[in-house]
Amino acid sequence: EGDVVIQRALDAGHTMHSVIVEAARTRPLEFDIGATALYRMGEPVVQEIASHRRYRGAMAAFHRPKLRPLDEVVADASTVIVTEGVNNPTNMGVMLRTAAALGVHALLVDPSSCDPLARRTCRVSMGAVFAVPHTRLPDFPEGLEPLHQQGFTTIALTPDPAAEPLDSITIGPDERVALLLGAEEPGLTAATQQRATHRASIPMHQGIDSLNVATAAAIAMWHVTRSRL
């Protein structure tokens, strides 16, 4: 959704299937359409497809790539994020944009997390989803074991004040780290936290007990990646 996001999908090597624009659009497309089918539609039709009025001027459908195996996605990764039950596409999009900006190398989602390629996630991430390799773990939290076998330290983020303060955990420059993040209210399950190397919290003030998951993820990603920037 949007010329910039569509161009970033093309730059990442994805294959475009079709493009939709509003019939009244006169501004040239900012991406090469090639031989792709272009559909010009009336404003009511476009709004019904987009579900909102501000759809950024163009929409494109792409052929969905096959999910890559975990070993391939994390082969050269030193920092990854893992989500459990994160089913809000906006939060997922914000996390992906932050991950790309801070040099996080991969995203792993559990079976209950939303689709990283959902249209709103792509839009909110401004196409950053195409720069961060991802795959879905078929089993969770059992799916964390392959990460431990490959030498990852797993850090489970939790608002529990009994957990280690995040800034007390020293990250070595060559240490492989996976940040585990849960949904807004339920957070990570007890089973997932028990499997993690560390349970970490972000110290807070003014009686605030928790942060938006995308905000917490950004702080945690910065803590882990700052020694590598």
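Three strands form an open sheet in the order E2-E1-E3, with mixed pairing; strands here are DSSP runs (E) of at least two residues and helices are runs (H or I) of at least four residues, both numbered from the N terminus. Strand E2 (37-41) and strand E3 (58-62) stand at the edges with a single partner strand each, so one side of each has no neighbour in the sheet. The model is predicted: local features need pLDDT of at least 70 and side-chain atom pairs count only at pLDDT 80 or more, whereas totals for chains, interfaces and linings use all residues. Residues are numbered from 1 along each chain as its sequence is written, and side-chain values use heavy atoms, with hydrogens and water left out.

**Sheet and flanking helices**

- Neighbouring strands of the sheet are turned by 20° against each other on average, direction ignored.
- Strand E1 (residues 16-22) pairs with E3 in the antiparallel sense over 5 bridges; pairing requires that DSSP finds at least two bridges between two strands.
- Met-16 stands opposite Phe-62 in E3.
- Helix H1 (residues 3-11) packs on the sheet, where it touches E1 and E3, and its direction makes about 25° with that of E3.
- Helix H2 (residues 43-50) lies across E1, E2 and E3 and runs at about 130° to E1; axes are lines fitted to C-alpha atoms, for helices over the stretch in contact, and angles run from 0 to 180 degrees between N-to-C directions.

**Helix H4**

- Buried residues of H4 (under 20% relative accessible area, 1.4 Å probe, protein chains only) include Asn-91, Met-92, Gly-93, Met-95 and Leu-96.
- The buried residues of H4 pack against strand E4 (79-84), strand E5 (106-109), helix H5 (119-124), strand E9 (176-182) and helix H8 (213-225).
- At the N-terminal end of H4, Asn-88 acts as a cap, with a side-chain oxygen 2.8 Å from the backbone nitrogen of Thr-90.
- Just after H4, Gly-103 takes a positive phi of about 80°.

**Nonpolar cores**

- The largest nonpolar core (buried Ala, Val, Leu, Ile, Met, Phe, Trp, Tyr and Cys residues joined through side-chain atoms within 4.5 Å) has 33 residues, of which Ile-81, Met-92, Met-95, Ile-155, Leu-179 and Met-221 touch the most other members.
- H4, E5, strand E7 (152-157), E9 and H8 are the elements that give two or more residues to this core, and H8 gives the most, with 7 residues.
- Beyond its neighbours within four places in sequence, Ile-81 is in contact (heavy atoms within 4.5 Å) with residues including Ala-99, Val-104, Leu-179 and Met-221.
- A second, separate core of 18 residues includes Leu-137, Phe-140, Phe-152 and Ala-178.

Definitions and conventions
Buried means under 20% relative accessible area, exposed over 50%, partly exposed in between (1.4 Å probe, protein chains only). A polar contact is a pair of N or O atoms within 3.5 Å; within protein, one must be able to donate a hydrogen and the other to accept it, and residues adjacent in sequence count only if both atoms are side-chain atoms.
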